[in-house]
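Reader: I am new to reading protein models, and I would like a close look at one single part. Could you take me through it slowly, and also tell me where I should be careful?

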Amino acid sequence: MSWEAAAWLMLGGSTALLFLGLPVAFSFLVINLLGAWLFLGGEAGLVQFARNSVGSVASFSLTPIPLFILMGEVLFHTGLAVKVIDGVEHLIRQVPGRLAVVAVVAGTVFSAISGSTIATTAMLGSLMLPVMLARGYHPTMATGPLMAIGAVDMLIPPSALTVLLGSLSGISISKLLIGGIVPGLILSAAFVVYIVVRVKMNPSLAPAASCCTRRSATWRSSLPPACASTCTSRGPTS
């Protein structure tokens, strides 16, 4: 079998299983088992697959990865993630595309706490995307920063992907983690600048919203007194 056919089989098979509703982990597991059977000699390939799996789990250098993911889950389920976003939103005031900027800054903060790119993106998406769409943000301006922040999460330590790359390539993991700090911050700043410039050029992408259009009563209760009284007199708007 040519490498083109093998690539299409692996990619097409995993995509088909995902569209059928099979969880991502099991989709990849099925495709890996199929690939081990086809390309590594049948039963011998499955034995080698089992050995490699045990070796990966037993690798000491990969130990931080589940701990990084656990840290992100703790932040999400304890509500600390929402408090961090609230704090970042209070710090960022009159800026074009304010919520998009908040998403980038909050994502950068979470990148230094959680090492899971998927967890950070999913958490910000579930919290920020409905708010931005409800306030009239263009879908590209609402989803773009949330997806782009994953690139920052891959660079700023702790990063599970950096640990995986270092363990596979034999490069110093500590040097890789330290080396990703400055590029990650530069990339985050570049995202903020791009959002501000893009919204100034096309204000319809991120309409200015009043302080009353908060996501919940909890957010409105933390508003300044003058703004809170205005919101109370007008009634809830969201």
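Author: **Confidence first, then serine 188 and its helix**

In this predicted model, pLDDT stays under 50 over residues 210-238, a stretch for which the model has 37 contacts beyond four places in sequence. Where pLDDT is low, the predicted coordinates should not be read in detail, so those contacts call for caution. The mean pLDDT of the protein is 76, with 81% of its residues reaching 70 or more. Confidence is lowest in helix H13, residues 225-234, at a mean of 42, whereas helix H11, residues 181-201, has the highest, at 91.

For the close look, let us turn to serine 188, which is found in helix H11. Serine 188 has a relative accessible area of 7%, and because this is under 20%, the residue counts as buried. Once its neighbours within four places in sequence are left aside, serine 188 is in contact with Val104, Thr108 and Val152.

Val152 belongs to helix H8 and is listed, together with Ser188, among the residues through which H8 and H11 meet. The axes of H8, residues 139-155, and H11 come within 8 Å and cross at roughly 165 degrees. Because that angle is over 145 degrees, H8 is roughly antiparallel to H11, and the crossing of the two helices is right-handed. On the H8 side the meeting residues include Met141, Pro145 and Leu155, while on the H11 side Leu187, Phe191 and Arg198 are among them. Sorted by class, the contact of H8 with H11 has 12 nonpolar, 2 polar and 1 charged residues.

How values were computed:
Residues numbered from 1 in each chain as written. Predicted model: local features only at pLDDT ≥ 70, side-chain atom pairs only at ≥ 80, totals over all residues. Heavy atoms only, no water. pLDDT = per-residue confidence, 0-100. Helix = DSSP H or I, 4+ residues; strand = E, 2+ residues; numbered from the N terminus. Contact = heavy atoms within 4.5 Å. Buried < 20%, exposed > 50% of the residue type's maximum accessible area, 1.4 Å probe, protein only. Axes fitted to C-alpha atoms, helices over the stretch in contact; angles between N-to-C directions. Parallel < 35°, antiparallel > 145°, perpendicular 65-115°, else oblique. Left-handed = near helix turned anticlockwise from the far one by under 90°. Nonpolar A, V, L, I, M, F, W, Y, C, P; charged D, E, K, R; others polar.
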